[in-house]
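Me: I am new to this structure. Please take me through its aromatic rings, and tell me how each label is earned.

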Amino acid sequence: MAGWTAGEWRGWRAATQEALYGEHGFYRRPEGPGGHFRTSVHASPLFAGAVARLLCRVDEALGRPASLGFVDMGAGRGELVTRVLAALPPEVAARARGYAVELADRPADLDHRVEWLTEPPGGLTGLLFANEWLDNVPVEVAQVGPEGVPRLVLVRRDGTERLGEPVAGAEARWLARWWPLPPEPGARAEIGLPRDTAWAAAAATVDRGLAVAVDYAHTAGARPPFGTLTGFRHGRETAPVPDGSCDVTAHVALDACAGPGSRLLTQREALHALGVAGGRPPLSLASTDPAAYVRALSGAGEAAELTATGGLGDFGWLVEPVGLPDPLL
């Protein structure tokens, strides 16, 4: 990466920003995130179908406006927004406008109906949906030093770490409020303040509708004692090395991001409310309509993956209504 010498030390926030979004960063690669890890969007078209149904609920709650927006935050290569638009009923699709928000270049084969942006559009009437976006908003990492004080963790391009200055100011206040560290040396935390700010800014672009963030998450009382910073490359978890060769990610303190009137639930709860369930189809269907049984069985398997305990079903959904009742209640 240009401008970062091999021996230079940086905080994890600056290092991750360059590694993911710099000129030669991981997310600038042509294969996109889908070439390295499997999100709910890639796991099954059932996910996009559920999001389309959520958009329809928002549409109904809004009184079927003349223009209904759907914003896909951290859109990758536009997979989710493309599938959501395709899954909408014709009457809704005729009024829908799709926006993909991503720093990488627009894919050449993207649906012409999707507008490609680097920032979410303002004044949205509709649904803003951020699937695994916040976990890639870079954050500083803190670690308790030998003297029992949280210090910023510094890193080199090869992933080597050392401790820097004590955490201070707004970052120290965030730690004290949302992720207080014990005095034992080695305890770690990711300072989620940039994610709180990023989510507040994204949600503020919704004039009327719903903002939803979906991510690996943890809440107060169940923070991991050594943090969650990790890397992904070619579908496998790996060491977080900020040289642009892998994804660098950390789970999200979604409760810290939550604004007034929002609520947290699991993906399992959310998808069940949107009609995605992993129940096996009746065996009688196998004899009356074998092809339909095979299709239903496949769909049940995909639904089970999306809602699995210990897997995608444990993802957190942060749901923030703006000017309408919660469509998931």
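Me: Why does F47 count as buried or exposed, whichever applies?

Reply: Buried means under 20% relative accessible area, exposed over 50%, partly exposed in between (1.4 Å probe, protein chains only). F47 has 0% relative accessibility, so F47 is buried. This is a predicted model: local features need pLDDT of at least 70, side-chain atom pairs count only at pLDDT 80 or more, and totals for chains, interfaces and linings use all residues. Residues are numbered from 1 along each chain as its sequence is written, and side-chain values use heavy atoms, with hydrogens and water left out.

Me: What makes Y21 and Y27 a stacked pair?

Reply: Rings of Phe, Tyr and Trp (its six-membered ring) pair if their centres lie within 6.5 Å; planes under 30 degrees apart count as stacked, over 60 as edge-to-face and the rest as tilted. The whole structure holds six aromatic pairs. In one of them, Y21 and Y27 are 5.6 Å centre to centre with 15° between the planes, and the pair is stacked. Y21 is buried at 15%, and Y27 is buried at 7%.

Me: Why is the pair of F47 and W317 called edge-to-face?

Reply: Their centres are 6.4 Å apart and their planes meet at 70°, so the pair is edge-to-face. W317 is buried too, at 0% relative accessibility.

Me: How do you know that the charged end of R162 sits over the ring of W9?

Reply: The rule asks for NZ of Lys or CZ of Arg within 6 Å of the ring centre and within 35 degrees of the ring normal. R162 is 4.9 Å from the ring centre of W9 and sits over that ring. R223 lies over the face of W179, at 5.9 Å.
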